[in-house]
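Student: Please take a close look at one helix of this model and at what it packs against. I would like the contacts residue by residue, with the cut-offs stated.

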Amino acid sequence: MDKTDQKGINTRLAHSGHNPSDFFGFVQPPVVHASTVLFPDANTMANRTQRYTYGTRGTPTSDALCAAIDELEGSAGTIAVPSGLAAVVVPLLAFLSAGDHVLIVDSVYNPTRRFADTMLARLGVEVEYYAPEIGADIERLMKPNTKVVWTESPGSNTFEMQDIPAIAKVARAHGAVTMMDNTWATPLYFRPLDHGVDISVHAATKYPGGHSDVLLGTVSANAACWERLHDTFLTLGVCAGPDDIYQVQRGLKTMGVRLDRHQKSALEIARWLEGRPEVARVLHPALPSFPGHAIWKRDFSGSSGLFSIVLAGAGQKQAHAFLDALEVFGLGYSWGGHESLAVHVYLGDRTVAKGNHDGPMIRLQIGLEDPADLIADIEKGLAAARVAG
Ligand SMILES: *Cc1c(COP(=O)(O)O)cnc(C)c1O
């Protein structure tokens with residue numbers, strides 16, 4: 001489909017990526033299992049003058065997904081890697097060298113921090129964390145050797161909103177690349193490259209996959225950063241498997257309607273939770289009571305199904321009682337699938353964005369079940385927490 005096409009998002013999701021007439025009219029792209037690609041003659045082989053040359057370098061299956069993501073992100077190129085964490089690691093390795101300085105938001109997805117504190121530090125990169133609310137004040141932290149500013153908005157578990165346009169503007173003025181983990185919003189509700197970000201990262205494991213059965217990551221770059229990102233991808237050999245790529249491109253077709261339902265149910269439940277005496281705070285960017293709400297409203301066009309609550313004046317015993325009373329919600333990591341999940345949030349890794357949460361924090365992933373059943377389940381959890389307290 002034409003990239004300038006202004007059709008609605010669900011129409012574009014249904015028709016982007018694969019062109020059926022390229023493969024005998026079949027609606028979905030072929031799942032190409034490949035290492036070797038044959039060349040018709042020695043000259044073509046020597047000059048690699050054909051579209052596909054080797055399995056690690058792309059196939060019709062990976063092209064279908066990456067073209068669809070490019071259209072959603074407005075990017076020059078996208079790579080597909082075996083996990084969301086790999087999608088974090090590859091661009092950082094692409095743009096950081098020994099002696100460089102990287103600024104990372106303190107409310108970052110914890111495994112991103114672990115990669116930075118262990119491997120980046122070992123490779124001689126100076127790692128510094130900044131407060132999510134910093135905005136244009138990030139200017140104060142920029143050094144001559146700052147090469148990358150890593151953002152994630154909203155923040156993991158605590159959902160702090162970052163002023164992405166302000167941060168990206170400062171970074172660009174200093175010659176640093178801005179990267180954003182955009183997993184929460186998906187490109188349907190926020191398009192980082194339109195706001196000055198250079199590289200947008202997704203755990204496609206979450207909403208694009210959508211069914212808790214596949215791991216995949218995507219990294220999308222603007223024209224200025226694409227070549228270096230792509231070179232690093234080829235150098236590292238971190239290509240994803242064709243079945244996983246296929247599952248995610250298939251998931252994209254229904255992502256719009258799924259997200260719409262995640263959004264509506266999560267907001268209904270978040271609003272209901274705001275009125276409950278057992279709940280001290282609801283951390284959801286689309287609620288007017290949330291501190292980062294104005295930024296969310298300015299920059300984002302929707303909210304997804306993941307948010308947190310702080311239980312009023314309770315401790316770990318109450319948090320565990322709440323979780324153990326849930327029957328519809330599963331206890332598990334990850335999110336973005338069809339089923340609801342809950343987890344007791346750990347914030348001990350924070351250095352500057354510690355927050356001042358007076359009770360235990362529970363993160364809820366609102367799935368596609370009927371909201372009335374989810375509310376009844378949470379009511380059981382709150383009752384159990386009350387008894388435990
Ligand atoms: C889950 C997640 C990742 C990592 O994705 P995996 O596929 O589980 O490795 C990265 N960033 C964020 C914000 C995530 O929620």
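Tutor: The answer below follows helix α4, its helix partners and the ligand, then adds another helix pair and some backbone details.

This is a predicted model, in which local features need pLDDT of at least 70 and side-chain atom pairs count only at pLDDT 80 or more, while totals for chains, interfaces and linings use all residues. Residues are numbered from 1 along each chain as its sequence is written, and side-chain values use heavy atoms, with hydrogens and water left out.

Helix α4 covers residues 84–95; helices here are DSSP runs (H or I, at least four residues) and strands are E runs of at least two, numbered from the N terminus. Two packed helices are described by the angle between their axes and the distance between the axes. The axes are lines fitted to C-alpha atoms, for helices over the stretch in contact, and angles run from 0 to 180 degrees between N-to-C directions.

Against α8 (residues 223–236), α4 packs at about 110° with the axes 9 Å apart. The two helices are therefore roughly perpendicular (65 to 115 degrees; under 35 is roughly parallel, over 145 roughly antiparallel, the rest oblique). Their crossing is right-handed, meaning that the near helix is turned clockwise from the far one by less than a right angle; anticlockwise would be left-handed. On the α4 side, Val90, Pro91, Leu93, Ala94 and Phe95 meet Cys225, Arg228, Leu229, Thr232, Phe233 and Leu236 of α8, where contact means heavy atoms within 4.5 Å. This α4–α8 contact has nine nonpolar, one polar and one charged residues; Ala, Val, Leu, Ile, Met, Phe, Trp, Tyr, Cys and Pro count as nonpolar, Asp, Glu, Lys and Arg as charged, and the others, Gly among them, as polar.

The axes of α4 and α5 (residues 110–122) come within 10 Å and cross at roughly 40°, which makes the pair oblique. This crossing, too, is right-handed. Leu85, Val88, Val89, Leu92 and Leu93 of α4 touch Pro111, Thr112, Phe115 and Leu120 of α5, giving eight nonpolar, one polar and no charged residues. Leu93 is in contact with α8 and with α5.

Leu85 is also among the residues around the ligand, as are Ser83, Gly84, Tyr109, Glu152 and Asp181 (a heavy atom within 4 Å). A polar backbone atom of Gly84 is 2.7 Å from a ligand oxygen, within the polar-contact limit of 3.5 Å between N or O atoms. From elsewhere in the chain, an N or O atom in the side chain of Asp181 is 2.7 Å from a ligand nitrogen, and a polar side-chain atom of Thr205 is 2.6 Å from a ligand oxygen.

For reference, another helix pair is α3 (residues 60–73) and α9 (residues 242–274), whose axes come within 9 Å and cross at roughly 35°. That crossing is left-handed.

In the backbone, Ser153 and Pro154 are joined by a cis peptide bond with omega about -5°, and Pro154 sits in the loop between β4 (146–152) and α6 (164–173). Ser334 has a positive phi of about 65° although it is not a glycine.

Note on methods:
Polar contact = N/O pair within 3.5 Å; in protein donor to acceptor, adjacent residues only side chain to side chain.
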